[in-house]
Amino acid sequence: MYVVGLTGGIACGKSEVSRRLQAKGLPIVDADIISRKLVEPGQPLLAELADNFGDGILHPDGSLDRGRLGQLVFDDRDLLQQLNALMHPAIWKECLRCLGELRERCQVAVLVVPLLYEHNGDALVDTVWVVACSEALQLQRLQERDHLTEAQAYARIKTQMPIDKKVERADYVILNEGTLEDLQREVDLALEILHEQMSPAAV
């Protein structure tokens, strides 16, 4: 099975590209979706988070208050590292399990991981696509999407590898600077190139 690693900066448009790839029939393994499932009420990982960061990160119904947790960790590098140490091994384990299930029945799959390079996940895929936009547009989108101040949004962007560094390492770059129609054309072109790059065995 040929695996595409899809990554990029926060608020650059990975989720939108992922949705469009899925609409084209490609199976998707999304680390963000997996991370949300792993911290649903009743999951052991949610209890671990509450033990480490306090019950203040929970809503009254026992579900995770992602906004509150984000405020805590993005203002404190040590807490962010503590959160990553809890979350990332569990997320990667589940990602690999899902890919393993697809391997027997799929010719190609897409692994969507925001921190693919940061965790050397590029070694696990056949090619890496980076979704990119300018930092100014990234900042604007993040503020609007998550209702953050400019300072809060900038702090979250800076917790990741700079987008230009990801672009330098990418096998292919999907630019998301324009309209949704522009993005669809970028995705279609990426798929054309993918089919050319896949080995005859994978096809």
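In this predicted model, 45% of the 203 residues of the chain count as buried. The chain exposes about 10,800 Å². Carbon and sulfur atoms supply 50% of that area.

**Overall build**

The secondary structure comes to nine helices and five strands. Along the sequence they follow the pattern β-α-β-α-α-α-α-β-β-α-α-α-β-α. The radius of gyration is 18 Å, and the globule rule gives 17 Å for 203 residues, so the chain is as compact as a globular protein of that length. Its C-alpha atoms fill a box of roughly 50 × 40 × 25 Å along the principal axes. Contacts often join distant parts of the sequence. Among contacts with a separation of 6 or more, 71% are between residues 24 or more positions apart.

**The sheet**

The five strands form an open sheet in the order 2-3-1-4-5, with parallel pairing. Strand 2 (28-30) and strand 5 (172-175) stand at the edges. Each has a single partner strand, so one side of each is left without a neighbour in the sheet. From one strand to the next, the twist averages 25°. Strands of a sheet pair through backbone hydrogen bonds.

Strand 1 (residues 2-8) pairs with strand 3 (residues 108-112) in the parallel sense, over five bridges. Five bridges also join strand 1 to strand 4, again running parallel. The table lists some residues of strand 1 with the residues that stand opposite them.

| Residue in strand 1 | Opposite residue | Strand of the opposite residue |
|---|---|---|
| Val3 | Ala109 | strand 3 |
| Leu6 | Val112 | strand 3 |
| Gly5 | Val128 | strand 4 |

Strand 1 is mostly covered: seven of its seven residues are buried. Tyr2, Val4, Leu6 and Gly8 point one way from the strand. Val3, Gly5 and Thr7 point the other way. Residues on both sides of strand 1 are buried.

**Helices on the sheet**

Which strands does helix 5 lie across? Helix 5 (residues 77-103) lies across strand 1, strand 2 and strand 3. Its direction is at about 170° to strand 3. Helix 2 (residues 31-38) also packs on the sheet, touching strand 2 and strand 3. The direction of helix 2 makes about 55° with that of strand 2.

Helix 1 (residues 14-23) has several buried residues: Lys14, Glu16, Val17, Ser18, Arg20 and Leu21. The list includes Lys14, Glu16 and Arg20 alongside Val17 and Leu21. What covers these buried residues includes strand 1, strand 2, strand 3, strand 4 (127-132) and strand 5. Helix 9 (180-197) is also part of that cover. Just after helix 1, Gly25 takes a positive phi of about 100°.

**Helix 4 and its neighbours**

Which residues of helix 4 (residues 66-74) are buried? They are Leu69, Gly70 and Val73. Seen down the helix axis, these buried residues fall within an arc of 100°, so they line one face of helix 4. An α-helix has 3.6 residues a turn, so residues three or four places apart point the same way. The buried residues of helix 4 pack against helix 3 (44-53), helix 5 and helix 7 (150-157). Helix 5 thus appears twice in this account: it packs against the buried residues of helix 4, and it lies across strand 1, strand 2 and strand 3.

Methods: Residues numbered from 1 in each chain as written. Predicted model: local features only at pLDDT ≥ 70, side-chain atom pairs only at ≥ 80, totals over all residues. Heavy atoms only, no water. Pairing = 2+ DSSP bridges. Helix = DSSP H or I, 4+ residues; strand = E, 2+ residues; numbered from the N terminus. Axes fitted to C-alpha atoms, helices over the stretch in contact; angles between N-to-C directions. Contact = heavy atoms within 4.5 Å. Buried < 20%, exposed > 50% of the residue type's maximum accessible area, 1.4 Å probe, protein only. Arc of directions from axis to C-beta. Rg over C-alpha atoms; globule rule 2.2 N^0.38 Å. Areas by Shrake-Rupley, 256 points an atom, 1.4 Å probe, with all protein chains shown as cover.
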